Amino acid sequence: MSGLKARLSWGIPISIGVIVLLSLDISGVGSGWGVRILTFLFGVCACLEGVALASDKRRDAVIGVGLFVGLFVAFVSDGAQSLLGWDSIPSYLLMGIPLFLAPLITELVPEISGRPARRILHAILVAVWLVLPVLACVAVDSDPLGAHILLCALVMVKGSDTGGYIVGRSVGRIPLHPISPRKTVEGLLGAIGASVLAGAIYSYALADPGFPVSQACFIGVLVALAGQLTDLQESALKRAAGVKDSGRTIPGLGGVLDMMDSLILTIPLVFWLRTLWY
């Protein structure tokens, strides 16, 4: 369980920092900037790693991160949102586009070597792939419960990751998918159980009629399944790039992209579901 120890030794401090920033927004002190700062920093780091999976050229990194920052700034600015039509974009696109971009990026990676145009295309696709979940995090501010929903989603995702890891390593026997040989069906069931439990506890403690325990449990199941899907997508991307981790930023967790891969689809999914309900 040395891997779990490394995960916890870095994951717990990072989680505490995330909770502190989100708590500023929940208390009203942060006025939404806690979420914006948090998602911007994680998003930029993940974008750098995503571009670097297929290109070590500084130009490509600048293009990818530049596009990411430009889209982020355009979205968080109210005036730019109206000007560019962000506020009229259907919320389901925030969920659907990352789902389909990941396989496209994975297929492109082996064809990039020695082709500058394809490296630039890769950088652009990575920026769009990663900025949409980040924008979904910011958009959650429009939810009646605001940052509470984002924090609950993060708790469910990390609970799912930890539960899946512990159960999979302890009793996992049946392989889930050849893309990620260490993942097992038992681990998936553990991930679902942990996600549902985390959501139920958060909802019960929050005691808000706008977020009943039944809704939290339902979202918890979908969060665990979506998290496994995006984790497999990122595993396929890393395999295509010939690397084990997206980076070495965080010991035990790999890179920032490795740490947030489960959020790429789950956060837009939660935002979409809450939009349907309210």
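These legends go with close-up views of charged residues and cysteines in a predicted model.

**View 1. Asp 25, a buried acid without a salt bridge.** Asp 25 sits in helix α1, which covers residues 2-26. Look for a partner of opposite charge and the nearest such side chain is Arg 36, 7.3 Å away. What the Asp 25 side chain does have is a polar atom 3.1 Å from the backbone nitrogen of Gly 34. Its contacts beyond four places in sequence include Trp 33, Val 35 and Ala 147.

**View 2. Lys 183 and Asp 231 meet in a salt bridge.** Here N and O are 2.3 Å apart, and both residues are buried. Lys 183 belongs to strand β2 (residues 180-184) and Asp 231 to helix α9 (residues 213-241), so the pair ties together parts 48 residues apart in sequence.

**View 3. Asp 161 pairs with Lys 158 inside one helix.** Both are in helix α7 (residues 147-171), three residues apart, or about one turn. Their closest N and O atoms are 3.4 Å apart. Asp 161 is partly exposed at 23% relative accessible area, and Lys 158 is partly exposed too, at 29%.

**View 4. Arg 59, Asp 60 and Arg 119 form a salt-bridge network.** Between Arg 59 and Asp 60, the closest N and O atoms are 3.3 Å apart. Asp 60 is buried, at 0% relative accessible area, whereas Arg 59 is partly exposed at 39%.

**View 5. Cys 152, with no disulfide.** The model has zero disulfides. For Cys 152, the nearest cysteine sulfur is that of Cys 217, 9.8 Å away. Cys 152 is buried, with 1% relative accessible area, while Cys 45 is partly exposed at 36%.

Technical notes:
Residues are numbered from 1 along each chain as its sequence is written. This is a predicted model: local features need pLDDT of at least 70, side-chain atom pairs count only at pLDDT 80 or more; totals for chains, interfaces and linings use all residues. Side-chain values use heavy atoms; hydrogens and water are left out. A disulfide is a pair of cysteine sulfur atoms within 2.5 Å. Buried means under 20% relative accessible area, exposed over 50%, partly exposed in between (1.4 Å probe, protein chains only). Helices (H or I, at least four residues) and strands (E, at least two) are DSSP runs, numbered from the N terminus. Lys and Arg count as positive and Asp and Glu as negative; His and the chain ends are not counted. A salt bridge is a side-chain nitrogen of Lys or Arg within 4 Å of a carboxyl oxygen of Asp or Glu. A polar contact is a pair of N or O atoms within 3.5 Å; within protein, one must be able to donate a hydrogen and the other to accept it, and residues adjacent in sequence count only if both atoms are side-chain atoms. Contact means heavy atoms within 4.5 Å.
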